[in-house]
Amino acid sequence: MIGYILRRFGAALLVLFAISVLVFLIFFATPGVDPAARIAGKNADPATLAQVRASFGFDKPLPVQYALMMKHLFISHDLTSFVNRGTLVIPQIIEAVPVTLSLVVGAAVIWMVLGVGMGTLAGAMRGTLVDPLVMLLGVFGVSLPVYWLGEVVNLITQKQLHDSVFSWVPPLGYVPMSEGIGQWALHLLFPWLTLALLYAGIYARLLRGELINALNEDYVRTARAKGLSERRILVKHALRCSLIPIVSLFGLDFGALVGGAALLTEVVFGLPGVGKLTYQALQNLDLPVIMGTVLYAAFFVVLANAVVDVLYARLDPRVRRA
Amino acid sequence: MPEPLLEVSDLRIRFGGFTAVDGLSFSVRPGEVLGVVGESGSGKSVSMLGVLGLIRTPGAEISGKVVFRGRDLLTLKNAEMRAIRGREIAMIFQDPMTALTPVYTIGWQIAEQIRAHEKVSRRAARDRAIALLGEVGIPAPEQRVDAYPHEFSGGMRQRAVIAMALSCNPALLIADEPTTALDVTTQAQILDLMRRLRADHGSAVVMITHDMGVVSEIADEVLVMYGGRAVERGSRRQVFHTPRHPYTWGLLDSVPRVNGPRARRLPTIPGTPGASGQGCPFADRCAHSFAACAEVPPLTGDSGHLDACWLPEEKRTR
Amino acid sequence: MTSPVRATAEEPVTDTPAAGRAARPSAGPWRRALGRLRRNRSAMIAGAGLLLIVLACVLAPVYANAIAHTDPFTSNASGTVVVNGARVPVLAQSTEGLGLGVTPVGPTWDPGNYFLGADNQGRDVMARLLYGGRNSLLIGLSSAVVCCALATVLGVLAGYFGGWIDAVLSRFFDVIWAFPVYLLAICLSVVLLTSGLHLGPIHIDAGSLALPVVIIALIYVPYVARPLRGQVMALRNKEFLHAAVGLGASDLRIMRREVLPNVLPTVVVFLPLMTALNMLTESALSFLSVGVQSPDASWGTIINDGLALLYTRPAITIAAGLCVGLTAVALNVLGDGVRDALDPNARLRGGA
């Protein structure tokens, strides 16, 4: 098991390296435009351009440029935003991380609980009304744009029904946990639910399919012949095996969420997380910030995937020696 | 003659419009081995699943009587049935590769069954699992008890499944083609094992198989099924030495012989199995069928050797 | 030489007695799948809905010219419009706050006259919605086609040849797979949107619609290529392939005549699902202003336009979002139907 963990994290490091090279190539080696002009932002004066060229070593070969960028990002932490008059990028990101993590972890907990609950219910109660409802929610989960759903939620809770049902909903924004868990959770409640609802639908639908397959497996028949209760068969045998593919998907989605969908949710709900930071950088093409947030997110995704793979190996003894 | 342990009478199992088992009756005495033979689709597995209440298909209709130790199993509540399954009647399935839950150790799965029926500690259940694994011939059971199913070979898994089935000392063991998915040498070992275990534990066994060779080695009584019905029933000696039903003749003829004149070609039963709508289910594949076969023949006979065929006595020669 | 039917697309056994049935030429697997799809009611409803949406978007110029008499791509800041008999400006001075903003006219529910109201430049939202739908659908579909084609080539090559080709391609897939798709798309978009793409003979101008198509197609290649690669690797051990090799067929011929027809059903299953996914990605990128560029519209850009007016004129955002959502629902339901009919084991993204 420990060997497996080491191997898995070694692979994660390699992937991280590959991603950083890829990002580097996209930003610095795409043919067409002078990368210094890109980094300095629109209409930069010659002095700034010269400063950028020196700082990133654009007169030097590509590997040196790569090393310089990595140094700015991870060692000296002095990557600067030129569009934003010399703000340091890394501290901005570090400041934004807790917001994104609050959003994503909270949503993930809700969607896993809801998804597993609804999926199990639908799988165990096939033929009742629960089943088509869960299936429908699953289709909506993969079809509705999350940022749009967030806007509709905002419209309802902040405007249309804000004077009656939803008068308790605080204005958009983020309150750190240090100012009280209650306020923190209250501000994040609707972002959480918006994000979680769609994923819960997808997961419930997937789990239902897996569960129905598992319930037709021979080992379930064996378990019945052993004289176990239906509940124990469902939970200990069928569900336990059905969760394996769900967990591996969770790793992918959790990672993608930190970088992708959460970005949109943060923008819509005005949460100053890494996604919002990226969004603002996109509005004025602030490349150093985009590079920083992308590599941060990639780091997170790869880490999450590695953790989930290790978890996966705990769940499924068959992959441990592979 | 001792009281039968299991007595099935007029068992009928229907799925929608399709009758899988049609008026099956048989009994098993304590300690006896009943071999149930037939082609795939003859209803032999379905009838045993019906006996244990393991048919989960929605819309399945089951009728008749299944009396086990004086209680009709078909009328029992779920919880009462659960207490019998695995404790008094255990079942072994055909494919050992898929019969075990892949994510738990062998020992865990055996202990699970023990603890489902008896109030024993985890420790004690595990010790019993180790003892059982040793008994079914798994080397180094103290280590292998913590192995996962995928770490076992097919024969080892079937041994583990048998160990699990025997864990509560059942009075009746139903084995559904326990050797079919295994290679020939392993088959022989598993049969040996089952014979020995029957002697040690004294369980009665219902052995479902399509292999006449297996029946001839292990069975005391033989039940031949075709199209969801019993077509011949008798002691092993009776069925093998004086078979009475044309279908049984066909089954016996299609087993290659080691001595005697060598057949130029192994005889087969023509056609494909499947009950015809009315009359004798075997009629359209039977070389001897005649006018009377348009009606279903009853299962009749004397001195315990019964058959369901209209063929007159003088023509009962192969 | 005919290619065998895919092993996974097994026909359910019919209950009719086999004996005595007259032999007739059996329908091909595609025709049988089509028959199964036709009997799938929800998929057929979804298909009909999709057809309606596509038709409406294709007819966008007809609506703009003949019914609404408006040009959805030029702003109309000083225009007026008759609502309930009264003539009102399309863009009214905002009464809230400092009075600096403008409030466009709301939905009139009159098809000839700002049916869904105007956006903050006084353009007809309904007409923009239809034109935007053309772009959204076009980008979704063409990027799905490009993505599936590219993924099929790469997946078949990796699965068929194995060895170092497979190793290189698989590592490449792994890296893209581990990269959050939106971020990868953002990186590519940011770089390409300012300068366009000039790669050998390919020249795509900045601001061209082809740019989001290429970007979205690229980022999802591993999603499709990975399952295909696995399938081809399984085919590699099938006897009909050994037979073809034994007959001395060339690799190219085997891939074209034996492998491709066997993975094609899966590709066809992925196509509607990828179209939905790509359309959603396009709308998200456009929402982030790195997708379709002004003055072109797409449903994503319209949602973005409506964001500033969310509390005063919610119809803009809601209508555009409903368009995206309904189209995606239709595509996904249709895609599920195609999957059930053609290749029930096909799985995108290891799951949904």
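**View 1. Contacts within chain B of this predicted model.** Take the contacts in chain B between residues at least 6 apart in sequence: 64% of them join residues at least 24 apart. As for burial, 45% of the 318 residues in chain B count as buried.

**View 2. Chain B as a whole, with its 10 helices and 12 strands.** How does the radius of gyration sit against the globule rule? For chain B it comes out at 20 Å, close to the 20 Å that the rule gives for 318 residues, so this chain is as compact as a globular protein of that length. Taken along the principal axes, the box filled by the C-alpha atoms of chain B is roughly 65 × 50 × 40 Å.

**View 3. The stretch of chain B annotated as "domain: ABC transporter".** That label comes from UniProt, in an unreviewed entry, and covers residues 6-252 of chain B. Helix makes up 38% of the span and strand 26%. Look for the two end C-alpha atoms of residues 6-252 and you'll find them 27 Å apart.

**View 4. Where chain B meets chain A.** Chain A puts 18 residues into this contact, and chain B puts in 22. On the chain B side, the elements giving two or more residues are α2 (78-84), β6 (89-92) and α3 (106-117). Which of them gives the largest share? That's α3(B), with 3 residues. Sort the chain B residues that touch chain A by character and you get 12 nonpolar, 6 polar and 4 charged.

Note on methods:
Residues numbered from 1 in each chain as written. Chains lettered and ligands numbered in written order. Predicted model: local features only at pLDDT ≥ 70, side-chain atom pairs only at ≥ 80, totals over all residues. Contact = placed C-beta atoms within 7 Å. Helix = DSSP H or I, 4+ residues; strand = E, 2+ residues; numbered from the N terminus. Nonpolar A, V, L, I, M, F, W, Y, C, P; charged D, E, K, R; others polar. UniProt positions renumbered as here; feature names shortened; annotations may be inferred. Rg over C-alpha atoms; globule rule 2.2 N^0.38 Å. Buried ≥ 20, exposed ≤ 12 C-beta atoms within 10 Å, placed from the backbone.
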